[in-house]
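User: I'd like a close look at one part of this structure: the salt bridges. Could you walk me through them?

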Amino acid sequence: MNKNKQSFTLGSIASRFDLKLKGDSNLHVSSVASLQNATTGQLSFLSNSKFIQHLKNTSASVVILNEEQSSNYDSDCLIADDPYVSYAQVATLFESPARHYAGHHPQATIHETAQVDSSASIDAGVVIGPDCVIGPGCIIGAGSVIGHSCTLDKQSTLQANVTLYPNVQLGKRVIIHSGAVLGADGFGLAYNKDHWIKVPQLGRVIIGDDCEIGANTTIDRGALDDTILEEGVRLDNLIQVAHGVYIGAHTVVAGCTGISGSVKIGKYCMIGGGVGFSGHFSVTDHVTVTGMSLVSSSINTPGVYSSGTALSSNADWRKNAARFRQLDKMHKRMIQMEKEIKKLKEEPFNQK
Amino acid sequence: MNKNKQSFTLGSIASRFDLKLKGDSNLHVSSVASLQNATTGQLSFLSNSKFIQHLKNTSASVVILNEEQSSNYDSDCLIADDPYVSYAQVATLFESPARHYAGHHPQATIHETAQVDSSASIDAGVVIGPDCVIGPGCIIGAGSVIGHSCTLDKQSTLQANVTLYPNVQLGKRVIIHSGAVLGADGFGLAYNKDHWIKVPQLGRVIIGDDCEIGANTTIDRGALDDTILEEGVRLDNLIQVAHGVYIGAHTVVAGCTGISGSVKIGKYCMIGGGVGFSGHFSVTDHVTVTGMSLVSSSINTPGVYSSGTALSSNADWRKNAARFRQLDKMHKRMIQMEKEIKKLKEEPFNQK
Amino acid sequence: MNKNKQSFTLGSIASRFDLKLKGDSNLHVSSVASLQNATTGQLSFLSNSKFIQHLKNTSASVVILNEEQSSNYDSDCLIADDPYVSYAQVATLFESPARHYAGHHPQATIHETAQVDSSASIDAGVVIGPDCVIGPGCIIGAGSVIGHSCTLDKQSTLQANVTLYPNVQLGKRVIIHSGAVLGADGFGLAYNKDHWIKVPQLGRVIIGDDCEIGANTTIDRGALDDTILEEGVRLDNLIQVAHGVYIGAHTVVAGCTGISGSVKIGKYCMIGGGVGFSGHFSVTDHVTVTGMSLVSSSINTPGVYSSGTALSSNADWRKNAARFRQLDKMHKRMIQMEKEIKKLKEEPFNQK
């Protein structure tokens, strides 16, 4: 990782982030590292007790721990209610300052009807279409293209090579990573005798405040109703969000997941990687779906859901997968056996 | 959705799209909406009888219905053989007019040997390589890059930030969405003692008339033979089409599907989202594969195919998935039980 | 495929690539094709004995065969230890020469602090940030964006529209295909009372010599430790590599696979398409995972691994998938039956 030259005393960190310090308040740290890799001058943290063995041997100058862990730790530590949350906050000190182009790059192409705030950073190769509004503090990375009539509220960021189709609306502090495409036509087709015709896609994409959209993720515009992400939704990379999907606030979705048209997902859901949503249905709040599951109907009860099978050696898998295709027949044979056993038990002498 | 200021009378819609009108031919509509969300002045449709309850309460000014549905509907309606097809046609009235850059933008880089029709729209940041031919009415969105020797027949569209490698051939009225990459090298590797060497990829990508390719979808060039999509193929977003794949006319593929090298898919197939094709084989015409299935050998009979397992609570799933790994052993135990039951039935007195 | 005008005699090919020639050393070939499609003047090869029937009928002027196959082949052939490896080498003769922009295009934007070797090819629309180092012979395709402090060692290629975030390090002869995004923030979130906060992502992406990264693939920067690909790793298209992943030398990964944060994959592994790695764990060297499998814990033994179920007709699948959800109950019923059969066998007269 990058080492930043600026350093901070433990005392200043404790007071700034409201942490309890056990140790030397004048000790300096200048970067962060994992427990295993940390060396002198680095800050680390323990958030998962499964890694507690690394704590004993760490060379970190200071570790963020919870109260209980700190009582068994003899060296300098910062005590937090939730060490991972506090780590996330403290680590912002060690981020390299962003180095965005200051101002509007002469190699950017900004339509004369677009309103771009003077405090926005517009890098080379950016193309901004007619009637766009780019708010204060926005950062538009090199090569990004913004279609007509898009609105970016304040402090939103498009990294390099992002594409917004026309009429995309972003809230405040939204981050869109490179290669993401928002507002493309949904996959709407009607079958007319012997070929498919395109169903006009007329909705918009609306992204709430504090959402983050991963690299190469795609979010299609609605067919009729808009495609909407409420505030605080976090999408990882390479996710497909089809037309008319609605995702509730603070839901997080891991990479490679696909969500089919008009699916409604609730608030505070956690969707694993490679999950498929197939059909038009709703998922209630506080639902967790584990990686690579297929969701094909509504989920009305909060909880954890899964599908698929677990990994085996290919030799075993081949045998078991072959039996999977006979499973209903196996079940029928089982019912038959149960009947016969019952008969044998009831009338053992009447056989033959 | 966007409301368009232009409005149309029901009479003019009926005559233009050859629909039967039941109601007031002078009534105006100016936009479209779903049955649930429609208000006065909006047109809606009912294509799936499962949503018929929304028909009773809709505030839409007019609804496109089939003959049977219309007989139970007391308000204004347009009667169609296939309401969804007619909706798709009527809704084109309400699309916002495209606002493409007219002409060849001064910030585009067009090689001197490229032949770009004067009626083509070439936006800022476009790069067109040597020996390309861009036909009449083509639209090339901002930031798109076209390698040398590509041909776009008339009225084809590349949205913003599309990449065509050299030698890609597009037919008429093709639409390629943003972030799509056509013509990258296929994944061809030969293992040479202790490392992989790259197998030269020498084929092209050829896309037929009226195909549509979704955002961030990738279609690799052939290794030897070309990668070919026949006319009318529709690919959704984030699909991988490997080298030498051949997709028959009017086949549609939903998002996140991957198709391995040299697979041949027939005409009029419907491939669900997240499907994997793994191996070198053929799929006949009129095959449907449901979402997230794995296709690993040829399909020779039209029909609907599936694999995978259905969603359960994680607690149930863990138990069942553990048993899946014992399935072949369960089958063996079952055979043993069947034998023993048979023996018990035949010779109940000879036990022990 | 493209036919190249240059032709080569069989004699020159044999001597250049150290192959044994059986036939006319003065015969010319000018392109390559598959056995089925080859015509006079073309070179072909047989690498998989399953296609041996095509050998009899091929019109290729010469075929690369192994010793054994050549003994049954009466026409001109080149004899190789591994025909596919030799084909890969010979076919390089027939690649169209790359036609990259020579020099630094005036429409490229290169920061004054970037060091770009004079022999590097920088196409139109490229943006290179501060403090980058671009080595000799590198090729940067049109529209690619390179963030500050990236290093490309010699002869590396970014195809068009690639995005490198800051601090990405590429080795020698690395190829990155269009739309790939390296160095985006990993998906690191900490849950703070009622919302997620972003965990600063501070690591880098480091790519070894001779790696190739497919189109629209994403490789996130590490959270703390770097994300690392050792030399010779080959990634296909649309792959997600999360923060802190480590992939050993000469491992190959097929398209649409997702690898979750901090997973460590060994050397010489072969990962199929659409595979999901979910969790934080290690996979040893020489592991093969078949397409669309879910890997959710460490693999410590080399071998071939799989999960999932095989394709059936949808009608059969529905029945079997329903039984899958009863599998643990079926197992319990089976145990019960086994007990009862045992009892019946032991005490057939005591029933009732």
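Analyst: Here is a walk through some of the salt bridges, followed by a short look at a helix contact. Keep in mind that this is a predicted model.

Over all chains, the structure holds 45 salt bridges. Let's start with one that crosses between chains. The side chains of Glu212(B) and Lys198(A) pair up at 2.6 Å, N to O. Glu212(B) sits in strand E24 (residues 212–213) of chain B and Lys198(A) in strand E22 (residues 195–198) of chain A, so this bridge joins two chains. As for burial, Glu212(B) has a relative accessible area of 9%, which means it counts as buried, because the cut-off for buried is under 20%. Lys198(A), at 25% relative accessibility, is partly exposed.

Next, a bridge within chain C. Arg221(C) forms a salt bridge with Asp185(C), with the closest N and O atoms 3.8 Å apart. Arg221(C) is in the loop between strand E25 (218–219) and strand E26 (227–229), while Asp185(C) is in the loop between strand E20 (181–182) and strand E21 (189–192), so the pair ties together parts of chain C that are 36 residues apart in sequence. Arg221(C) is buried at 18% relative accessibility, and Asp185(C) is buried with a relative accessible area of 18%. Over in chains A and B, salt bridges that share partners join Asp185(A), Lys198(A), Arg221(A), Glu212(B) and Arg234(B) into one network.

Chain C has another bridge worth a look. Here the side chains of Glu67(C) and Lys20(C) meet at 3.3 Å, N to O. This pair links distant parts of the chain, with Glu67(C) in helix H3 (residues 67–71) and Lys20(C) in strand E2 (residues 20–22), 47 residues apart. Glu67(C) is partly exposed at 46% relative accessibility, and Lys20(C) is partly exposed with a relative accessible area of 46%.

Charged residues also turn up where two helices from chains A and B meet. Helix H5 (residues 314–324) of chain A packs against helix H6 (residues 327–346) of chain B at an angle of about 60°, with their axes 7 Å apart. From H5(A), the residues in contact are Lys319(A), Asn320(A), Arg323(A) and Phe324(A), and they meet Leu327(B), Asp328(B) and His331(B) of H6(B). By class, the residues of this contact are two nonpolar, two polar and three charged.

Technical notes. Residues numbered from 1 in each chain as written. Chains lettered and ligands numbered in written order. Predicted model: local features only at pLDDT ≥ 70, side-chain atom pairs only at ≥ 80, totals over all residues. Heavy atoms only, no water. Axes fitted to C-alpha atoms, helices over the stretch in contact; angles between N-to-C directions. Helix = DSSP H or I, 4+ residues; strand = E, 2+ residues; numbered from the N terminus. Contact = heavy atoms within 4.5 Å. Nonpolar A, V, L, I, M, F, W, Y, C, P; charged D, E, K, R; others polar. Salt bridge = Lys/Arg side-chain N within 4 Å of Asp/Glu carboxyl O. Buried < 20%, exposed > 50% of the residue type's maximum accessible area, 1.4 Å probe, protein only.
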